Amino acid sequence: MLNQRLVNRRSAWRALRTHYRKIERSTISQLFSDDPQRAEHMSLTQGDLYLDYSKNRLTMETIDLLVELAKECGLPEKIRAMFEGKKINHSEHRAALHTALRLPIGESVYLDQKNLMPEIQQGLMQMRLLSDQIRGGRMAGYTGRKIKNIINIGIGGSDLGPVMAFEALRFYSDRALCFRFISNVDSSDFIEATRDLNPEESLFIVCSKSFTTTETLSNALLAKSWLLEKLTHPEAVGQHFIAVSGNEHGVAEFGIDISKMLIVWDWVGGRYSIDSAVGLSTMIAIGAERFYELLYGMHEMDDHFLHVALKQNMPVLLGLIAIWNNNFLKINSVAVIPYSHYLRRFPAYLQQLTMESNGKHVDVNGKALTFNTCPVYWGEPGTNGQHSFYQFLHQGTALVASDFIGFCKPLHEQITQHNILMANCFAQAEALAYGQSAEQLRHAQVPADLVLHQVCSGNRPSNTILAKTLTPGSLGQLIALYEHSVFTQGAIWNINSFDQWGVELGKQMAKEMTQELQESLNQAIPDSLHNGSTRKLMQYYCAHRDS
């Protein structure tokens, strides 16, 4: 029987509320003055990652109370349940076993008394064979020309995961190959991605676990038409398409040979699938060995999350700090700012990981929640963000928590440029924490009429995550760090972080409206359909569609 008590009625939550009232007027600068060793006490190293969480508005007592809350909510037991293949996705009666995908050879993991590792290893071998063929120039299209263009078609996790990983690891990619990613049902996405490609040299990877996703199948059909415009013979499809799916019937019906289908299992959620066959485009780009490094980096963080005490556990701490900021400091927005051009798609990847996982209004028992769950996640790479939204971060009326991500050693030997980049990363985090007061500005002889305009209140919390350098392994650790931070938050709120029913309503309505728009080519939208606003919009669209 699942515990029915809401987290905000637990004794540890009440203790945190009392503690908050005691320290709510404390500032980050004061907390550093009170504890000169604060940075040492509030930092942690795991694998290639170093986490500094000292620039948050909390104390070691806060951490102790948050850890007590985690224990009271059964976090250690919930972590074990996930790794053991229990069906923790209660609403869909599924396990959430993405961690099994990165287990080393020789390990075992069971679901319904069946060891999953032979299937997982077989899937990895299929991926490797395809990857090696393409990278070695041994895969040809229908006319005999070598495959040079890899186009991934997906949406959600089957797009955001591959495109994020490819961009992050582009430094390691095979530059003789061209990689494109198509997700938006707006045909402009497809047209721009393919306009300079030769169909004879192009391979489409269609990623859809159900093989019914509207956007993905629409783009796949567009790809088939584009291909056959030049190659004309339907049998050509078999040499230019690979499917990543769990629906054999749907794949065969589309015209892809089942031998060109890689399995993705129902216990792998889309936003947790980059380490599955959904990552095929990444493996082709960087090679199998480096893809295995990515998996091992994820496994290192998995092992840490499963076995290390909560107070020294990096994903747990990151999740607990997010709980503190969101539910006690009432900070409902998080900016993720990687100081790396290669990680420019990482904030978008985290948007889905966090907001699709934890944007929930009921707990696992269907009981309405009376507290905030997931904050808004957003961001851009530094230093670009400094010239767009940092004004808001420093002087806006809404408080935002920030995660800064940086690397000690650049991949290109431009150390002077990298010093400038990282100086900005460190300076912005310090400026958000300390700000600048009116007194400091007057002392600097700023004109009196400008003082109040230049005051920055500071006391704005942030974490800084550093890695030695951006490698497949360190990227894997970073991905798993955030996966498990998201799980930690969901476990404490007692919500299901692995379903996404809120996505379905709009999709279903869109299917119905698509049919209505198709049928309304020569007639008005009936008055009986939809509310007045929607009906008027659809009528306006239909009237001007062909103008």
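In which sense do β1 and strand β2 (residues 49-52) pair, and over how many bridges? The first view below takes up this point in a predicted model, and the other views move on to further elements.

**View 1. The pairing of β1 with β2.** These two strands run antiparallel, joined over four bridges. To find your way into the pairing, start at Leu44, whose bridge partner in β2 is Leu51.

**View 2. An open sheet of six strands.** Read across the sheet, and the strands come in the order β1-β2-β13-β12-β10-β11, with mixed pairing. Why is one side of β1 and of β11 without a neighbour in the sheet? β1 (43-46) and β11 (376-378) stand at the edges and have a single partner strand each, so one side of each stays unpaired in the sheet. From one strand to the next, the twist averages 15°. Helix α14 (residues 346-358) packs on this sheet, where it touches β10 (333-338), β11 and β12 (401-407). The direction of α14 makes about 165° with that of β11. As a general reminder, strands of a sheet pair through backbone hydrogen bonds, and the pairing may be parallel or antiparallel.

**View 3. Helix α13, a mostly covered helix.** Here is a handy check of geometry: α13 (residues 314-328) has 15 residues, which at 1.5 Å a residue should span 21 Å, and its end C-alpha atoms do lie 21 Å apart. Of the 15 residues in α13, 15 are buried. Just after the helix comes Lys330, which takes a positive phi of about 60°.

**View 4. Strand β7 and its parallel partners.** β7 (residues 202-207) is mostly covered, with six of its six residues buried. Its side chains split into two sets: Ser202, Phe204 and Val206 point one way, while Leu203, Ile205 and Cys207 point the other way, and all are buried. One partner is strand β5 (residues 149-153), which pairs with β7 in the parallel sense over five bridges; in that pairing, Asn149 stands opposite Ser202. Strand β8 (residues 241-245) also runs parallel to β7, joined to it by four bridges, and here Val206 stands opposite Ala243.

**View 5. Helix α9 between β7 and β8.** Together, β7, α9 (residues 214-231) and β8 make a right-handed β-α-β unit. The 18 residues of α9 should span 26 Å at 1.5 Å a residue; the end C-alpha atoms are 25 Å apart, which agrees. Which residues of α9 are buried? They are Thr216, Asn219, Ala220, Ala223, Lys224, Trp226, Leu227 and Leu231. These residues cover an arc of only 165° around the axis, and therefore sit on the same side of α9. An α-helix has 3.6 residues a turn, so residues three or four places apart point the same way. The buried residues of α9 pack against β5, β6 (178-182), α8 (187-194), β7, β8 and α10 (248-254). Just after α9, Thr232 takes a positive phi of about 65°.

**View 6. Ser273, a buried loop residue.** Ser273 belongs to the loop between β9 (261-263) and α11 (280-286). Is Ser273 buried or exposed? Its relative accessible area is 3%, and buried means under 20%, so Ser273 counts as buried. Leaving aside neighbours within four places in sequence, Ser273 is in contact with Gly157, Val268, Val278 and Gly279.

Conventions:
Residues numbered from 1 in each chain as written. Predicted model: local features only at pLDDT ≥ 70, side-chain atom pairs only at ≥ 80, totals over all residues. Heavy atoms only, no water. Pairing = 2+ DSSP bridges. Axes fitted to C-alpha atoms, helices over the stretch in contact; angles between N-to-C directions. Contact = heavy atoms within 4.5 Å. Expected span 1.5 Å × (residues − 1). Buried < 20%, exposed > 50% of the residue type's maximum accessible area, 1.4 Å probe, protein only. Right-handed = clockwise from strand over helix to strand, strands pointing away. Arc of directions from axis to C-beta.
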